[in-house]
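Visitor: I would like to learn how to read a fold from its parts. Could you take me through one, feature by feature?

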Amino acid sequence: MGRAYQNRKESMAKTSDMKAKLYSRYGREIYVTAKSGGVDPDGNLALRGLIDRAKKDQVPGHVIDKALDKAKGGGGEDYSPARYEGYGPGGSMAIIECLTDNPNRTFGDVRQAFTKTKCKIGTQGSVSHMFDHCAIFVFAGDDEEAVLEALMEGDVDVTDIELEDGKITVFAPNTEYFKAKTALIERFGEIDFDVDEIQFIPQSYTTLSGDDVALFDKFLAILNDLDDVQQVYHNVEL
């Protein structure tokens, strides 16, 4: 699968306004993950990975603590996941994952990103069948066989394991996330994961040219400016 997991939206931590949006998105996702799976990171592996990722992206501790405290309270906003997909500029494909308390508003906002860039939002499944929904783990190591053995013993359906520059990358179906992470931690102890996420990885890539490049940049900028948008996956070779 190569370094496909690196094809993510760019970091939003370039300005104070972008940092605020980044913190807000992490706060919302931590709140939802803790509310649904429990506030104890030791018993909620998705929450543990999310908190670790937030710390790597320099999200302040008080933002994380506030989201956890809100989840402990049991009240607060009622966010639900929403996923939209379609064809972007130049025939590119995009999947947009959101957390929203108003699906009608969020759908309208995301649809605007498509229409303003001369594209059209699709129906569910219109492009997602061209992506692999994967759990991805990247960590320091040099023994692929030991990693594979640990995953096999954990009855994990492994898609691929790669070793490059002292880093091991494990790909598994998204449904195997918890089993895979548990198997790795039980065998190797606490691991400092460089990547610990579930992502959509395109099965093929496209290169844009001419006016489509500027339109695609505008497309991403509009989406990244929406508070409800958590992740944007696409198949454009940047």
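**Reading the fold**

Guide: Start with a helix pair. This is a predicted model. The axes of helix α2 (residues 45-56) and α6 come within 10 Å and cross at roughly 75°.

Visitor: How do I name the way α2 and α6 lie to each other?

Guide: Go by the angle. Angles of 65 to 115 degrees count as roughly perpendicular. α2 and α6 therefore lie roughly perpendicular to each other.

Visitor: Which residues of α2 and α6 meet?

Guide: On the α2 side they are L45, A46, R48 and G49. On the α6 side they are Y177, F178, K181, T182 and I185.

Visitor: Which strands does α6 lie across?

Guide: α6 lies across β4, β6 (167-173) and β7. Its direction is at about 15° to β4.

Visitor: Now the sheets. What holds the strands of a sheet together?

Guide: Strands pair through backbone hydrogen bonds, in a parallel or an antiparallel way. Here is one case. An open sheet of four strands has the order β5-β6-β4-β7, with antiparallel pairing. β5 (160-164) and β7 are its edge strands, each pairing on one side only. From one strand to the next, the twist averages 25°.

Visitor: How many bridges join β4 and β7?

Guide: Eight bridges, in the antiparallel sense. To fix the register, take one residue: H133 has F200 in β7 as its bridge partner.

Visitor: What is the order of the other open sheet, the one with β1 in it?

Guide: That order is β3-β1-β2-β8, four strands with antiparallel pairing. β3 and β8 (229-234) are at the edges with a single partner strand each, so one side of each has no neighbour in the sheet.

Visitor: Which helix lies across β2 and β8?

Guide: Helix α7 (residues 211-224) does, running at about 155° to β8.

Visitor: How does β1 pair with its neighbours β2 and β3?

Guide: Take each side in turn. β1 and strand β2 (residues 93-100) run antiparallel, joined by eight bridges. G86 has A94 in β2 as its bridge partner. β1 and strand β3 (residues 120-121) are also antiparallel, over two bridges. There, Y87 has K120 in β3 as its bridge partner.

Visitor: What should I look for in the hairpin of β1 and β2?

Guide: Check the turn. Five residues lie between the strands, and G90 takes a positive phi near 70°.

Visitor: Next, the rings. How many aromatic pairs are there?

Guide: Nine. Read each by distance and plane angle. Y84 and F107 are 5.8 Å apart, centre to centre, with 50° between the planes, and form a tilted pair. This pair links distant parts of the chain, 23 residues apart: Y84 is in strand β1 (residues 80-87), F107 in helix α4 (residues 103-115).

Visitor: Are Y84 and F107 buried or partly exposed?

Guide: They fall in separate classes. Buried means under 20% relative accessible area. Y84 has 11%, so Y84 is buried. F107 has 32%, so F107 is partly exposed.

Visitor: Why is the pair of F139 and F193 edge-to-face?

Guide: Planes over 60 degrees apart count as edge-to-face. The F139 and F193 planes are at 85°, with ring centres 5.8 Å apart, so the pair is edge-to-face. Again, distant parts of the chain are linked, 54 residues apart. F139 lies in strand β4 (residues 131-140). F193 lies in the loop between α6 (177-188) and β7 (195-202). F139 is buried at a relative accessible area of 4%, and F193 is buried at 8%.

Visitor: Which residues form one aromatic cluster with F139 and F193?

Guide: F137, Y177 and F178 join F139 and F193 in that cluster. Two of these names came up earlier: Y177 and F178 are among the α6 residues that meet α2.

Visitor: Which ring has the charged end of K70 over it?

Guide: The ring of Y31, with the charged end 5.3 Å from its centre.

Visitor: One last point. How far apart are E149 and R187 in sequence and in space?

Guide: Compare the two separations. E149 and R187 are 38 residues apart in sequence and 9.5 Å apart in space, C-alpha to C-alpha. E149 sits in helix α5 (residues 144-153). With a relative accessible area of 42%, E149 is partly exposed.

Definitions and conventions: Residues numbered from 1 in each chain as written. Predicted model: local features only at pLDDT ≥ 70, side-chain atom pairs only at ≥ 80, totals over all residues. Heavy atoms only, no water. Phe/Tyr/Trp six-rings, centres within 6.5 Å; stacked < 30°, edge-to-face > 60°. Buried < 20%, exposed > 50% of the residue type's maximum accessible area, 1.4 Å probe, protein only. Lys NZ or Arg CZ within 6 Å of the ring centre and 35° of its normal. Pairing = 2+ DSSP bridges. Axes fitted to C-alpha atoms, helices over the stretch in contact; angles between N-to-C directions. Parallel < 35°, antiparallel > 145°, perpendicular 65-115°, else oblique. Contact = heavy atoms within 4.5 Å.
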